[in-house]
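Grab your viewer and work through the exercises below. Each one gives a task, then a solution in steps.

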Amino acid sequence: MEIEIDYQPRRWAESLHNRLKRWIVLVLHRRAGKTTAVLNHLQRDATSVPESNWAYIAPTKVQARLIAWPIAKKIARDIPGVKMNEQQMSITYPNGATLYLLGSDDVDSLRGLALWGGCQDEASQQPSNLFSEIISKCLADHLGYWIWLGTPKGKNQFYRTYQTAKNNPDTWTCIFKTIDDSLRDEEGETINNLRQALEDDRRLVAQGEMTIDEFNQEWYNSFEAAIKGAYYAAEIAEARKNDRIKTVPYDPALKVHAVWDLGTGPQLAVGMYQGVGRERHMIDFWQGSTSDGIPQAVKALKDKPYVFAKMFVPHDARATEQGTGKTRIQTAKELWPNVEWEIIPSISVDDGIQQGKLFFSRLWVDEKNCQTWLDYIAQYRQKWDDNRGMFLEQPYHDFTSHAADVHRYAAIVADLMTNEEIKTYKQPEPEPASMYGG
Ligand SMILES: Nc1ncnc2c1ncn2[C@@H]1O[C@H](COP(=O)(O)OP(=O)(O)OP(=O)(O)O)[C@@H](O)[C@H]1O
Ligand SMILES: [Mg+2]
């Protein structure tokens, strides 16, 4: 049966729809028709593979519902026999294939699901480890394809994925279009409006209402734009200028201190530091991916080649977990008895950020191991109040928060990360107390 979908692809989208490669990166200006194009693309493929699964991932579930769900429903509604699940935000086509709409803040349902293909929309605003930790596994069974798309937001994981795509045309499809490309190549009502919107924005820049950075980011895909309200922008720039963000090797003569932010999945983040005189070397950063929480982290840290001294955990480690009836610190101590567990003194978030700024001046960061952390800390920013048109004195809570919390905590205990004992031998581990022993 032939079904006609009311969709005329943009020119740039034709090359997406004819894609030959498994990995696809789309860097396009605002309002280029990205979301519309990928949803059509996924639907086309879903309707041609019976019983297959597909995923569209927005930065948050709220965004998926607000922005993508209406488009997905609109393009699917004319297909006879199609079923929409409002609550779950999924569309099941008559051939049994299902398209799931998700937020990167809530991807637990993906675990264990085989995917034939999918995308991350506004990929620059999603956790860096989502693809490597979860999605890549979902795609393995059927050699599914993946599309990263969005407008830039600084030099983060999306930027690096774009670089990889550009440098490896044999295995990647890469599409990069600025507003000038669209105004030249495309037509129609929305394009005419874009021409006007661009001119209006140009005027806003001249009037000081919009920064040239923002303008270039949104319309010309600039990865260079500063992130507004970023707490640590100046400190990071200073650290880079002074060459303190580079290869910072692990010194086997020194023990390693770990600073934890507790939670499950990516909320559990651990920074690893060595103290050299007054300097603190951040040599590694780890972030969780499963709902295990502490056991996953303990196992991951034990697998590292480091000799650990102290584990600093926030005061919520004293909270009792429903499932186990134990406090988090008890659980941690049982899993790893031969390191020291210490509770970080609790201070206000504001004071913590101030200390975090000061801490940067004596922090060296390993650029490779801590790449994710660097992405996040650079994006950690103040909350914006749209109604009042001003920044609030509180952080915006998103996937960057956990890395930033690690930094705040590390700043508080920086002076305690001292021991410079010479490592003579690695303490023998006791027999594993549980399946997580390592
Ligand atoms: N193929 C198309 N033909 C005509 N209009 C389109 C097409 N694709 C998108 N549009 C229109 O362009 C506008 C932007 O579409 P869409 O939301 O898909 O773009 P986007 O690049 O994802 O935007 P944003 O940068 O805001 O996320 C919408 O009004 C949409 O209806
Ligand atoms: Mg979009």
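**Exercise 1.** Find what Gly 288 touches beyond its neighbours within four places in sequence, and decide whether Gly 288 is buried or exposed.

*Solution.* Keep in mind that you're working with a predicted model.
- Start with the address: Gly 288 sits in the loop between β12 and α10.
- Next, list the contacts. With neighbours up to four places away set aside, Gly 288 meets Asn 129, Gly 265, Pro 266, Leu 268 and Gln 296.
- Now pick out Asn 129 from that list. Its C-alpha atom is 9.0 Å from that of Gly 288, although 159 residues separate the two along the chain.
- Finally, check the accessibility. Gly 288 has 0% relative accessibility, so it counts as buried, the cut-off being under 20%.

**Exercise 2.** Work out how many residues of helix α10 are buried, and which elements they pack against.

*Solution.*
- Helix α10 covers residues 294-302, and 8 of its 9 residues are buried, so the rest of the structure largely encloses it.
- The buried set is Ile 294, Pro 295, Gln 296, Ala 297, Val 298, Ala 300, Leu 301 and Lys 302.
- Their packing partners include the strands β10 (256-261), β11 (269-276), β12 (279-287) and β13 (308-313). The helix α11 (328-335) is also one of the partners.
- To link back to the previous exercise, Gln 296 is among the contacts of Gly 288.

**Exercise 3.** Describe the largest nonpolar core and say which element gives the most to it.

*Solution.*
- This core has 36 residues, and those with the most contacts inside it are Trp 12, Leu 16, Leu 26, Tyr 56, Tyr 93 and Ile 147.
- At least two residues each come from α1 (11-17), β1 (23-28), α2 (34-46), β2 (53-58), α3 (61-76), β5 (98-103) and β7 (145-150).
- The top contributor is α3, with 6 residues.
- Zoom in on Tyr 56. Leaving out residues up to four places away in sequence, its contacts include Val 38, Leu 42, Ala 68, Leu 101 and Cys 119, and also Asp 121.
- Don't stop there: a second, separate core holds 34 residues, including Ala 239, Ile 344, Trp 373 and Ala 404.
- For background, nonpolar side chains in soluble globular proteins tend to be buried together.

**Exercise 4.** Where is Arg 408, and is it buried or exposed?

*Solution.*
- Arg 408 belongs to helix α14 (residues 401-413).
- Its relative accessibility is 7%, so Arg 408 counts as buried.
- Beyond neighbours within four places in sequence, Arg 408 contacts Tyr 232, Val 349, Gly 352, Ile 353 and Tyr 380.

**Exercise 5.** Look at the backbone of Met 89 and Asn 221: what is phi in each?

*Solution.*
- Most residues other than glycine have a negative phi.
- Met 89 has a positive phi, near 55°. This residue lies in the loop between β3 (83-85) and β4 (90-92), and is buried at 0% relative accessible area.
- Asn 221 also has a positive phi, about 55°. You'll find Asn 221 in the loop between α8 (212-220) and α9 (233-241), buried with a relative accessible area of 2%.

**Exercise 6.** Zoom out: how does the radius of gyration sit against the globule rule?

*Solution.*
- The protein has 14 helices and 17 strands.
- Its radius of gyration is 24 Å, close to the 22 Å from the globule rule for 438 residues, so the protein is as compact as a globular protein of that length.
- Buried residues account for 51% of the 438.

How values were computed:
Residues numbered from 1 in each chain as written. Chains lettered and ligands numbered in written order. Predicted model: local features only at pLDDT ≥ 70, side-chain atom pairs only at ≥ 80, totals over all residues. Heavy atoms only, no water. Core = buried A, V, L, I, M, F, W, Y, C linked by side-chain atoms within 4.5 Å. Buried < 20%, exposed > 50% of the residue type's maximum accessible area, 1.4 Å probe, protein only. Helix = DSSP H or I, 4+ residues; strand = E, 2+ residues; numbered from the N terminus. Contact = heavy atoms within 4.5 Å. Rg over C-alpha atoms; globule rule 2.2 N^0.38 Å.
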